[in-house]
Amino acid sequence: MVDGLSQWHAAGARVELMGERVFYRDSNPDGAEGLPSLLLLHGFPTASWDWRFVWSALGRHYRLIAPDFPGFGFSAKPVRAYTIQGQADVAAALLDRLGIQRATVLAHDYGDSVAQELLARAASGIGASPALDAVCFLNGGLFPEAQRPLRIQQVLAGPAGPWLVHLVDKRRAMASLRSVFGEGTRPSEGDLESYWTLLTRERGLRIVPAILGYLAQRREYRERWVNGLAVADVPLRFVVGMRDPVSGAPMASRYRELVARADVIEIESVGHYPQCESPDAVIDAMLAFAPGAAV
């Protein structure tokens with residue numbers, strides 16, 4: 001395992017939630033400093049390690065809680081159906097286990113949909129959810145009509161996905177991942193090695209088609225999740241890398257069309273992973289926005 005990833009893993013913990021082993025990082029496990037809580041929700045196909053570049057700076061202002069969703073990273077990867085609702089249950093259960101009743105959320109990609117589900121629950125009062133103070137979204141498919149999934153995602157999400165996934169190798173997978181970064185901010189070979197390690201732990205490739213069911217779920221639950229944005233009674237912000245071919249400029253435009261008093265921060269030079277490509281900009285945007293941050 002690459003050194004940085006090994007250190008991330010060693011600093012984490014595991015907990016049994018809803019019958020599955022979930023890995024997570026907690027920046028202040030004893031909770032003694034009294035900091036407000038920030039729940040960090042990662043994207044596909046990576047893991048909580050995505051937050052490594054913003055961890056120290058945000059950890060001075062918040063107690064950071066960053067799970068690897070089941071099916072990802074260092075968490076368990078059983079062969080089963082995966083749903084956004086199920087991942088929201090896991091996130092809520094983790095906070096409950098840690099004794100955290102309220103939190104701000106910073107979400108990316110797949111995690112954006114989980115955050116939308118938590119907002120929808122907060123609006124309806126139905127379903128497990130912490131009290132939310134604010135939600136900051138990074139690049140992700142908030143509106144499926146504005147999303148442009150990669151070809152490899154579309155193929156593996158289709159009916160032949162369970163068979164074709166066995167043809168995916170490191171070169172193809174990492175070339176696809178690399179393509180969503182900005183031209184001048186692409187990951188190093190070492191980072192790509194770590195991403196591949198996270199993806200393939202516990203034979204993780206075999207469940208990628210099941211996880212990619214979230215693309216169809218975004219279409220199926222679009223009204224619920226978009227309505228969660230429309231009726232949210234907490235501050236929302238969208239921080240978007242504009243060079244992202246999947247959910248960049250068109251997603252920012254759609255957000256402005258559909259979200260009242262849209263708060264959008266554009267980062268012109270980066271792609272799909274602004275927390276990795278321009279961490280200082282994400283840190284500044286987060287701290288200037290979220291109420292309750294310790295300063």
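**Exercise 1: a side chain and a backbone oxygen**

The side chain of N139 reaches the backbone oxygen of S247 at 3.4 Å. This is a predicted model, so let's work with the computed values as they stand. Your task: say where N139 lies along the chain, and work out whether N139 is buried or exposed.

*Solution.*
Step 1. Find the elements on either side: N139 sits in a loop, with β6 (131-137) before the loop and α5 (151-157) after it.
Step 2. Look up the relative accessible area, which is 0% for N139.
Step 3. Compare this with the cut-off: buried means under 20%. At 0%, N139 is therefore buried.
Step 4. Put the pieces together: N139 is a buried loop residue, and its side chain reaches the backbone oxygen of S247.

**Exercise 2: the chain as a whole**

Your task: how many helices and strands does the protein chain have, and how does its radius of gyration agree with that of a compact globule?

*Solution.*
Step 1. Count the elements: you should get 14 helices and eight strands in the protein chain.
Step 2. Take the chain length, 295 residues; a compact globule of that length would have a radius of gyration near 19 Å.
Step 3. Set the chain's own value beside it: the protein chain has 17 Å, which agrees.
Step 4. Now look at the box that the C-alpha atoms fill. Along the principal axes, this box is roughly 45 × 40 × 40 Å.
Step 5. Check the inside: 57% of the 295 residues count as buried.
Step 6. Check the contacts: among those with a separation of 6 or more, 80% link residues 24 or more positions apart.

**Exercise 3: surface and charge**

Your task: what share of the accessible surface belongs to carbon and sulfur atoms, and how many positive and negative side chains are there?

*Solution.*
Step 1. Start with the total, about 12000 Å² of accessible surface for the protein chain.
Step 2. Carbon and sulfur atoms hold 51% of that surface.
Step 3. Then count charges: there are 30 positive and 32 negative side chains.
Step 4. Finally, find the centre of each set; the two centres lie 5 Å apart.

**Exercise 4: two loop residues with positive phi**

M18 and D109 are next. Phi of M18 is near 55°, and D109 has a positive phi of about 55°. Your task: which loop holds M18, which loop holds D109, and is each one buried or exposed?

*Solution.*
Step 1. Check the residue type: M18 is a residue other than glycine, and D109 is not a glycine either.
Step 2. Place M18 in the loop between β1 (13-17) and β2 (20-26).
Step 3. Place D109 in the loop between β5 (102-107) and α4 (110-124).
Step 4. Use the cut-offs, under 20% for buried and over 50% for exposed. M18 has 55% relative accessibility, so M18 is exposed. D109 has 4%, so D109 is buried.

**Exercise 5: a cis peptide bond**

Your task: what is omega near for the peptide bond from F44 to P45, and where is P45 found?

*Solution.*
Step 1. Read off the angle: omega is near 5°, and the bond is cis.
Step 2. Trace the chain around P45: this residue is in the loop between β3 (37-41) and α2 (55-59).

**Exercise 6: around helix α14**

Your task: which residues does S278 contact, and which does A285 contact, leaving aside neighbours within four places in sequence?

*Solution.*
Step 1. Locate the pair: S278 lies in the loop between α13 (274-277) and α14 (279-289), while A285 lies in α14 itself.
Step 2. List the contacts: S278 touches I267 and V270, and A285 touches R237, V239 and I265.
Step 3. Add a distance: F238 is 47 residues from A285 along the chain, and their C-alpha atoms are separated by 9.4 Å.
Step 4. Classify both: with 17% relative accessibility, S278 counts as buried, and A285 does too at 6%.

**Exercise 7: the end of a helix**

Your task: is R178 buried or partly exposed, and which residues does R178 contact beyond its neighbours within four places in sequence?

*Solution.*
Step 1. Find R178 in helix α7, residues 170-178.
Step 2. Its relative accessible area is 36%, so R178 is partly exposed.
Step 3. Its contacts are R186, P187 and L192.
Step 4. For a view along the chain, take H272, 94 residues from R178: their C-alpha atoms are separated by 9.7 Å.

Technical notes: Residues numbered from 1 in each chain as written. Predicted model: local features only at pLDDT ≥ 70, side-chain atom pairs only at ≥ 80, totals over all residues. Heavy atoms only, no water. Rg over C-alpha atoms; globule rule 2.2 N^0.38 Å. Buried < 20%, exposed > 50% of the residue type's maximum accessible area, 1.4 Å probe, protein only. Contact = heavy atoms within 4.5 Å. Areas by Shrake-Rupley, 256 points an atom, 1.4 Å probe, with all protein chains shown as cover. Lys, Arg positive; Asp, Glu negative; His and termini not counted. Charge placed at Lys NZ, Arg CZ, Asp CG, Glu CD. Helix = DSSP H or I, 4+ residues; strand = E, 2+ residues; numbered from the N terminus. Polar contact = N/O pair within 3.5 Å; in protein donor to acceptor, adjacent residues only side chain to side chain.
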